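Let's take a walk through this fold, starting with how far to trust it and ending with how its pieces pack.

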Amino acid sequence: MKRKTALALCTNACLALLVLAVAAVCFLPAGVPAASLADRVYYNGNREGCRVSLMFNVYWGGEYLGGILDALDEFGVRATFFIGGCWADDNAALVKEIAARGHEFGNHGYFHKDQSALSLEENREEIAACGSLVETLTGQAPSLFAPPSGAYAEQTVRAAEELGYSVILWSKDTIDWRDRDASLIYRRATQNVQGGDLILMHPTKETLEALPSVLGHYARLGLVQSAVSATIAGGGA
């Protein structure tokens with residue numbers, strides 16, 4: 001009798017655990033939890049290192065790219081240019097110039113769409129089309145994807161991962177496309193800057209004006225301006 005009672009208690013305990021597990025799954029939010037999804041995206045690089053990265057999203061502003069490249073050359077540093085596919089298609093010579101100067105390319109989608117609103121297949125198409133064009137023009141296959149406007153969802157991250165990309169956001173945003181103020185851009189790019197920061201910029205006139213001062217500030221702090229792939233090496237979001 002004791003043996004049967006013990007067996008019954010054990011069986012009931014197992015059933016109770018099973019019910020709790022099923023209930024937990026049923027009450028989870030639909031899709032991938034936000035924290036889990038965010039863990040698959042880089043908002044910063046390795047905080048233990050001394051590297052920082054200026055990342056330029058490019059769908060316009062080609063008239064300022066030459067000056068930006070010159071400023072980077074003056075300081076002997078590399079940056080990462082996240083290129084829009086439709087822009088690259090119309091500006092092949094500038095894309096090749098960025099490559100010739102030794103900079104890293106990232107993928108910024110082909111048509112600057114809201115990737116969070118696209119299906120898995122549509123995300124794949126946007127990312128793959130841009131990556132293929134950049135590789136054709138430069139011989140460099142991008143491995144970093146920055147979703148336009150920072151908009152992403154599970155299907156965005158999944159599509160990027162399936163295509164071999166790491167998804168990149170930022171830790172500092174200069175908002176230079178909106179606030180055309182060189183001093184404000186400088187402050188946003190340098191205030192409380194630390195190793196691992198990913199600093200978002202665009203090719204604007206005021207960004208070009210601020211860039212030498214930004215790079216000089218990093219150098220004085222002992223921070224090394226690097227391509228994004230180097231800054232995220234060994235550390236994630």
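A residue counts as buried here when its relative accessible area is under 20%. By that cut-off both Phe 56 and Phe 81 are buried, and we'll come back to that pair shortly.

First, a word on confidence. This is a predicted model, with a mean pLDDT of 89 for the chain and 84% of residues at 70 or more. The weak spots include residues 1-11, where pLDDT stays under 50 and the model has zero contacts beyond four places in sequence. Residues 13-34 are also below 50, with three contacts in the model beyond near neighbours in sequence.

As for the overall build, the chain's secondary structure comes to 10 helices and nine strands. Of the 237 residues, 45% count as buried. The exposed surface is about 11600 Å², with carbon and sulfur atoms supplying 56% of it. Take the contacts between residues at least 6 apart in sequence: 78% of them join residues at least 24 apart.

Now the rings. Searching the whole structure turns up two aromatic pairs, set out here:

| Pair | Centre to centre | Angle between planes | Arrangement |
|---|---|---|---|
| Phe 56 and Phe 81 | 5.1 Å | 15° | stacked |
| Tyr 110 and Phe 111 | 4.7 Å | 75° | edge-to-face |

Why is the Phe 56 and Phe 81 pair called stacked? Planes under 30 degrees apart count as stacked, and these two sit at 15°, so the label fits. The pair links distant parts of the chain, with Phe 56 in strand S2 (residues 51-58) and Phe 81 in strand S3 (residues 80-83), 25 residues apart. In the other pair, Tyr 110 has a relative accessible area of 16%, so Tyr 110 is buried.

Phe 56 and Phe 81 turn up again in the largest nonpolar core, which has 36 residues; along with Leu 54, Leu 72, Ile 83, Leu 211 and Tyr 218, they touch the most other members. Leu 72 gives a good view of that packing: leaving out residues up to four places away in sequence, Leu 72 touches Phe 56, Val 77, Ala 79, Phe 81, His 103, Leu 211 and Leu 215. Another core, of 12 residues, lies apart from it, with Leu 37, Tyr 152, Tyr 165 and Leu 169 among them.

Two helices are worth a look. Helix H6 (residues 120-138) has 19 residues that should span 27 Å at 1.5 Å a residue, and the end C-alpha atoms are 27 Å apart, so the expected span agrees. Its buried residues include Leu 120, Ile 127, Cys 130, Val 134 and Leu 137. Among the elements covering the buried residues of H6 are S3, helix H4 (85-90), helix H5 (92-100) and strand S4 (104-107). Just after H6, Gly 139 takes a positive phi of about 80°.

Helix H8 (residues 182-190) buries Ala 182, Leu 184, Ile 185, Ala 189 and Thr 190. These pack against strand S7 (172-173), strand S8 (198-201) and helix H9 (205-221). Asn 192, just after H8, has a positive phi of about 55°.

Finally, Ile 232 sits in helix H10 (residues 228-232). Is Ile 232 buried or exposed? Its relative accessible area is 8%, so Ile 232 is buried. Its C-alpha atom is separated by 9.5 Å from that of Gly 49, 183 residues away along the chain. Not counting residues up to four places away in sequence, Ile 232 touches Tyr 42, Asn 44, Gly 45, Asn 46, Leu 144, Ile 168 and Leu 198.

How values were computed:
Residues are numbered from 1 along each chain as its sequence is written. This is a predicted model: local features need pLDDT of at least 70, side-chain atom pairs count only at pLDDT 80 or more; totals for chains, interfaces and linings use all residues. Side-chain values use heavy atoms; hydrogens and water are left out. pLDDT is the predictor's confidence in each residue, from 0 to 100. Contact means heavy atoms within 4.5 Å. Rings of Phe, Tyr and Trp (its six-membered ring) pair if their centres lie within 6.5 Å; planes under 30 degrees apart count as stacked, over 60 as edge-to-face and the rest as tilted. Helices (H or I, at least four residues) and strands (E, at least two) are DSSP runs, numbered from the N terminus. Buried means under 20% relative accessible area, exposed over 50%, partly exposed in between (1.4 Å probe, protein chains only). Accessible areas come from the Shrake-Rupley method with a 1.4 Å probe; for residues, only the protein chains shown count as cover. A nonpolar core is a set of buried Ala, Val, Leu, Ile, Met, Phe, Trp, Tyr and Cys residues joined through side-chain atoms within 4.5 Å. The expected span of a helix is 1.5 Å times one less than its number of residues.
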